[in-house]
Amino acid sequence: PLSLPDALPISLLETASLLEKHGEIQTYATRLLERYPNDTGVRLTLARSLARQGMTEDAERQFRKIIAQWGSDVDISDPPPALVSAHHALGELLAKRGKFAAAANELRMALAYDPLRASMLASLGGVLAELGKFDEAMQYLRKAIEEEPGLGDACYNLGTINAYNGKFAEA
């Protein structure tokens with residue numbers, strides 16, 4: 001159980017996250033991680049905040065620390081949610097930085113743990129399209145739409161690929 005001094009920074013961290021006060025998030029998260037370096041929830045909040053601020057190298061380091069914390073000894077049927085989120089967020093971060101092959105690897109890892117999460121299926125489909133792997137991209141995008149009909153990114157990317165391939169009726 002957390003003592004009162006510990007509970008206050010966690011409450012402040014949660015409030016700062018809701019308000020997207022990134023400077024405060026970094027302050028509270030850093031303070032908490034000094035005491036609890038293995039707290040993946042706090043580290044994930046910090047990494048996401050860093051990514052939103054464009055501090056991509058720092059964010060990548062934090063996502064990788066979360067992933068490294070578990071190594072390969074994870075029950076695939078019951079993965080820690082922060083691990084899945086870290087792979088997903090790292091994949092999206094790498095894609096934004098134009099590192100599409102590395103992004104695809106991270107997104108595949110996330111999907112190995114949670115194969116039906118529409119947002120991850122759509123992200124991988126978009127990355128594969130950037131790599132020119134249109135057939136494979138379309139499979140993931142269709143699966144994302146099947147899981148979550150009307151998912152904006154998946155619908156847009158699937159339509160774009162169809163239009164690119166001259167399949168305007170399907171776009």
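Before we sort any residues, a quick word on classes: Ala, Val, Leu, Ile, Met, Phe, Trp, Tyr, Cys and Pro count as nonpolar, Asp, Glu, Lys and Arg as charged, and the others, Gly among them, as polar. Keep in mind that this is a predicted model.

**Exercise 1.** Work out how the lining of the largest pocket splits into nonpolar, polar and charged residues, and find which helix gives the largest share of it.

*Solution.*
- Start with the space: the largest pocket holds about 490 Å³.
- Next, count its walls. There are 20 lining residues, and Ala 122, Ser 123, Gly 126, Val 127 and Asn 157 lie nearest the centre.
- Now look at the elements giving two or more residues: helix H5 (81-96), helix H6 (100-113), helix H7 (118-130) and helix H9 (152-164).
- H7 comes out on top, with 7 residues, the largest share of this lining.
- Finally, sort by class, and you get 11 nonpolar, 5 polar and 4 charged residues.

**Exercise 2.** Do the second largest pocket in the same spirit: which residues line it, and which helix gives the most?

*Solution.*
- This pocket has about 220 Å³ of space.
- Its lining is made of Arg 48, Ala 51, Arg 52, Thr 56, Phe 63, Ala 89, Glu 92, Leu 93 and Lys 96.
- Helix H3 (40-52), helix H4 (56-70) and H5 each bring at least two of the lining residues.
- H5 gives the most, with 4 residues.
- Sorting by class, you'll find 4 nonpolar, 1 polar and 4 charged residues.

Terms used:
Residues numbered from 1 in each chain as written. Predicted model: local features only at pLDDT ≥ 70, side-chain atom pairs only at ≥ 80, totals over all residues. Heavy atoms only, no water. 1 Å grid on protein atoms, 1.4 Å probe; cavity = no way out; pocket = protein on both sides within 12 Å on 5 of 7 lines; lining within 4 Å. Points joined across faces, edges and corners; volume = space filled by probe spheres on them.
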